[in-house]
Structure formats: C-alpha cells, structure tokens
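Colleague: Could you walk me through this model? I will ask short questions as we go.
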2 protein chains.
Amino acid sequence: MADGLTGAGRPGTAASPRQLTRGRVVQAAVEFVDKHGMRELTMRRLGAYLGVDPMAIYRHVPGRDALLDAVVGVVVDDVLEVMRREEAEPGTWDAYLERLAHAVRGAALAHPQVFPLVATRPPAAPWLRPPLRSVRWVELFLRTLRGAGFSGRQAVAAYRAFTSFLLGHLLLEVSAIGVDTSPVDEPAPTDPGVGDLAGFPTVAGLQAELTEDHSAAEFQRALDDLVAHVAAMRTGA
Amino acid sequence: MADGLTGAGRPGTAASPRQLTRGRVVQAAVEFVDKHGMRELTMRRLGAYLGVDPMAIYRHVPGRDALLDAVVGVVVDDVLEVMRREEAEPGTWDAYLERLAHAVRGAALAHPQVFPLVATRPPAAPWLRPPLRSVRWVELFLRTLRGAGFSGRQAVAAYRAFTSFLLGHLLLEVSAIGVDTSPVDEPAPTDPGVGDLAGFPTVAGLQAELTEDHSAAEFQRALDDLVAHVAAMRTGA
DNA sequence: ACCTGAACACCGTTCAAGT
DNA sequence: ACCTGAACACCGTTCAAGT
C-alpha cells in the first residue's frame, strides 16, 4: 500500500495491493461471487471490496452487464486454457469429449455460484451455446471433431448434444450444492420439510434415495451415453 | 371497470378489471414477464401494470422473491395439471415420459422468458430438481414409474436423468429464441458478427450449419436416447 | 382494523466540479 | 486531461399517519 507510488488512501479489504486494472476488477468480482453469491454483488460493494471509489470501476468496465460477462469469461477461459494445452495431444475424439466434459465440470464445481450465470447470460450469438460460449471454444471443439473425421454437419450435431448434456447435468449439480444461502438460515440440515410430505407417500418413502448424492457417477454414466449417441449419429447420418 | 362495485379510481393498463387478488397479481406478473422479460419486472412497474398502488401488491405476496417463486409455480402447475388428467390413463412408462417431456417443452416454449427462472431459482429442497420442482410433480413421476414396475432406486435414478435431460435441452432452446432483447437492438438479423470470425476458420465454414434450427428433432432424438438409457438402467441395475 | 403513500436504505450510472 | 464524489433516477420495503 504505502509503496510510495500509489497515492490511494485506504487499504483494500481484499487482495488488491496496487493499481486498479480491468483484470483485477474482474478477478475480484469472481472472488466476491464465490464468497458471497451473485445476489450480493453490487458495483458499490465491489468497490468497497477493492478498497476504491465505486466509480473507479467504471474506468475499467463499461457497466454492470459487461462486468458479469467478463466474470463468465474468466471461468470459461480457465477451461479453454486447460484444453488448449491438450489440443495437439494424440487421442480419439471420444477421449477428447471425456477430457473436455470433466474440465468443464471441474470449473463449474470450482465456481458453483458463477455457473448459473454461465448458463443463463444471453450469448453473443444464438449458436454460441452455454457452457461452451466463446467462439474460441467452439472453434476448438469443431476443429477437433473435424480432425477426427466428422463431417461439418456431424460435428455441429455433436456440439449441440454435448452442450445440452453439460448444461443440464452441471446446472443441477451446482444448484444442489447450496448456491445462494442468502435467505434466512435453513431450519435444520436434516429432514428438509418432512412434515409437509403428508399427501406424497411415494416421495416420503423414497426420501433416503432422493437425498443420496451420486453426481459424479451419474455424470460419468450420462457422458458415456452421450459418447455412444455421438458415435451412433456419426455412423448413422 | 365502471361496473358499479369496484371503487378503484384509474383503470388498469392491463386485464385486471376488478378486486386485486393473489392469483391476479401472479398472473399479471407472468404476462408482464412474457411481454417484457424478467429484467423489466419491478414491484412498482407491476403495480402500474395492474393499475394499483405498488404497495398493494405486498398485501397479497410477501415480497419480490415470493412473487418470483409464485411465477415459477404457475408455469410448473400448468404442466402438472395437464399430466394429472392423464394419470389414470393406460400406457407404458416410456409413453408417460414421452408425454411429460413434450408437456414441459410446451410450457417452456409458451413462456420462454420465464423458463430460465424455473431453471435457476433455488429449489425448496435439494432433491427437487428443476424443471420438475414441486413435490406434487415428483410424487406423480415416481408413483408412475413405481407403478410400471420400477424399484424405488430405479425410479429415483430415472427422475435424475430425466430432469437433467429436460433442463439442458429446454434451457438452450428457449435461450436461442431471443430471451431478453433488452439491450440495444441487434445490428442485423443476418450475419451475426461474421466479421470477427477471422481467426476461426472452422466456425466460419460451418456458419450455415450452426445457424440452422433443429430443436424439435434434436429434442426427440435425445428423448429417445434418454428412454433407452432408463430402460438399460432398469434391466441392468 | 384496514389501507395508503411518504420515507428509508439502498441500487446503477451520469456528469459537473474539482485537481 | 484526468479523476472524484455529489446528484439523479430508480429500486424493494417499512411504517407511521391517515381513514
């Protein structure tokens, strides 16, 4: 802080010791959302978190919407970087889909509060489907499949099926983690409203099964199915 | 309006000729969101839309969050009602899944602006998975499958796979419809940013295929796959 | 007792006034 | 020329003052 160059007054509450920068603003927003959830993210609160005047943020980002897009971009690019390193690696297309799926899942679980944003922000183009919502990502995906012998049409069909699969599974998985937690504290972690299950005998009887978490196994199983689906559409169409 | 009974002063801008009611408030909110999108929905604007004092809404709904939950509930219950009528109908479990899937898709396409809310509002319990997010719905689903010979565990697994499938496909389908449209008008409906596709030859080359819409066929194909998946998990496990 | 609307504590963002 | 912070046009919600 008192390093002689920055004339800023108060120290930031968080990790931002020096000059404000677009990257620093966006990174702070990701941290803030990870910590407190989307609902708490406010331009003014982010300013306080960074230890700067709230208006200073507007010098690096045009407004709140652009900031949210940038937050999504950070998470999306994280996975992109992981996958780019493997681009040249040998391997079949199904091994590629497998790696990509688990990379995206890793990012979603690392930022469960951000992922719903990845899923629902209006994409820049209608064919940019969440969560693979950057042109670079789509390019990489399609190129890999084309390189594996897919026709253009087949590669696009695989892109569509793959994104649907990822979105459904990951959105449900992160939403089960307890995203938000902002309203009043839940009554008790055990029996969540068992009392009002009076008229629902089947649900009541399966309460134990419904509460068990098999996310990882179900994800893998659905992924296997998806790969089979893509393989079938490849030979079929 | 001037039907002699209601003493209200100004006529509502929309269809609300008589006494304010919880149902009327929620219904107006659904209409408003269908027309203007989630971002525009405000307690004050909803009051204006109903032609009442904004504070009057609070007499029928505890707050904004509760209103949003109620909006989701309306869409969810629409489908529920359709399916309940068919509960006693004969038919195999896969015909049931088929009907239910298309019923939910119909609701999503009827309210594309509301569906992202159905998908992302934190559920009342972690095992209430969007878009089948009411206990009554889960009860009906599980009961039907149990009735078709599924074990409890198998029925729950089918419930999980089915909700993931629906959520991924429908969220992507409605988001492609052009949900929002609130920011500045798009430049042109044709070539969406073809200019910046310089470094992305594969995407550029597949622009036509990427723009084509095969939602209905893809939904059906994925649904067939899901049914096969469930059938396999039933004989397998 | 019920309802209204002024008031409060916030927002995102603009822009004039300072340096 | 650059940056700050007062000010504007909104929010959701409370609550005292009216009927």
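Modeller: In chain A, the loop between helix H5 (115-120) and helix H6 (135-147) holds A:Pro131. Helices here are DSSP runs of H or I with at least four residues, strands are runs of E with at least two, and both are numbered from the N terminus.

Colleague: Which peptide bond there is cis?

Modeller: The one joining A:Pro130 and A:Pro131, with omega about -5 degrees. Most peptide bonds are trans. In chain B, the bond from B:Pro130 to B:Pro131 is also cis, with omega near -5 degrees. B:Pro131 sits in the loop between helix H5 (115-120) and helix H6 (135-147) of chain B.

Colleague: Before we go on, what are the ground rules?

Modeller: This is a predicted model, where local features need pLDDT of at least 70, side-chain atom pairs count only at pLDDT 80 or more, and totals for chains, interfaces and linings use all residues. Residues are numbered from 1 along each chain as its sequence is written, chains are lettered from A and ligands numbered from 1 in the order in which they are written, and side-chain values use heavy atoms, leaving out hydrogens and water.

Colleague: OK, DNA next. Which residues are around DNA strand C?

Modeller: From chain A, they are A:Thr42, A:Met43, A:Arg44, A:Arg45, A:Met55, A:Tyr58, A:Gly63 and A:Arg64. Chain B adds B:Arg44, B:Asp53, B:Met55 and B:Arg59. A residue is near a strand if one of its heavy atoms lies within 4 Å of it.

Colleague: What classes are they?

Modeller: The surface near DNA strand C has 4 nonpolar, 2 polar and 6 charged residues. Nonpolar means Ala, Val, Leu, Ile, Met, Phe, Trp, Tyr, Cys and Pro; charged means Asp, Glu, Lys and Arg; the others, Gly among them, are polar.

Colleague: Which helix gives the most to that surface?

Modeller: H2(A), with 3 residues.

Colleague: And which phosphate contacts does strand C have?

Modeller: Among them, a polar side-chain atom of A:Arg45 is 3.1 Å from a phosphate oxygen of DNA strand C. A backbone N or O atom of A:Arg64 is 2.9 Å from a phosphate oxygen of that strand. A polar contact is a pair of N or O atoms within 3.5 Å; within protein, one must be able to donate a hydrogen and the other to accept it, and residues adjacent in sequence count only if both atoms are side-chain atoms.

Colleague: Switch to DNA strand D. What share of its atoms within 4 Å of the protein belong to sugar or phosphate?

Modeller: 48%, and the rest belong to bases. A phosphate oxygen of DNA strand D is 2.8 Å from a polar backbone atom of B:Arg64, and one is 3.1 Å from a polar backbone atom of B:Met43. The side chain of B:Thr42 has a polar atom 3.4 Å from a sugar or linking oxygen of DNA strand D.

Colleague: How do chains A and B relate?

Modeller: A turn of 180 degrees with a shift of 0.0 Å along the axis lays chain B on chain A, with an RMSD of 0.0 Å. That is the relation of a two-fold axis. In chain B, the C-alpha nearest the axis belongs to B:Gly168, 1.9 Å from it. The superposition is by least squares on the C-alpha atoms of residues with pLDDT of at least 70 in both copies.

Colleague: Last one: how do H1 and H2 of chain A pack?

Modeller: Helix H1 (residues 22-36) and helix H2 (residues 43-50) of chain A pack at an angle of about 105 degrees, with their axes 10 Å apart. The axes are lines fitted to C-alpha atoms over the stretch in contact (heavy atoms within 4.5 Å), and angles run from 0 to 180 degrees between N-to-C directions. H1(A) and H2(A) are therefore roughly perpendicular, the word for angles of 65 to 115 degrees; under 35 is roughly parallel, over 145 roughly antiparallel and the rest oblique.
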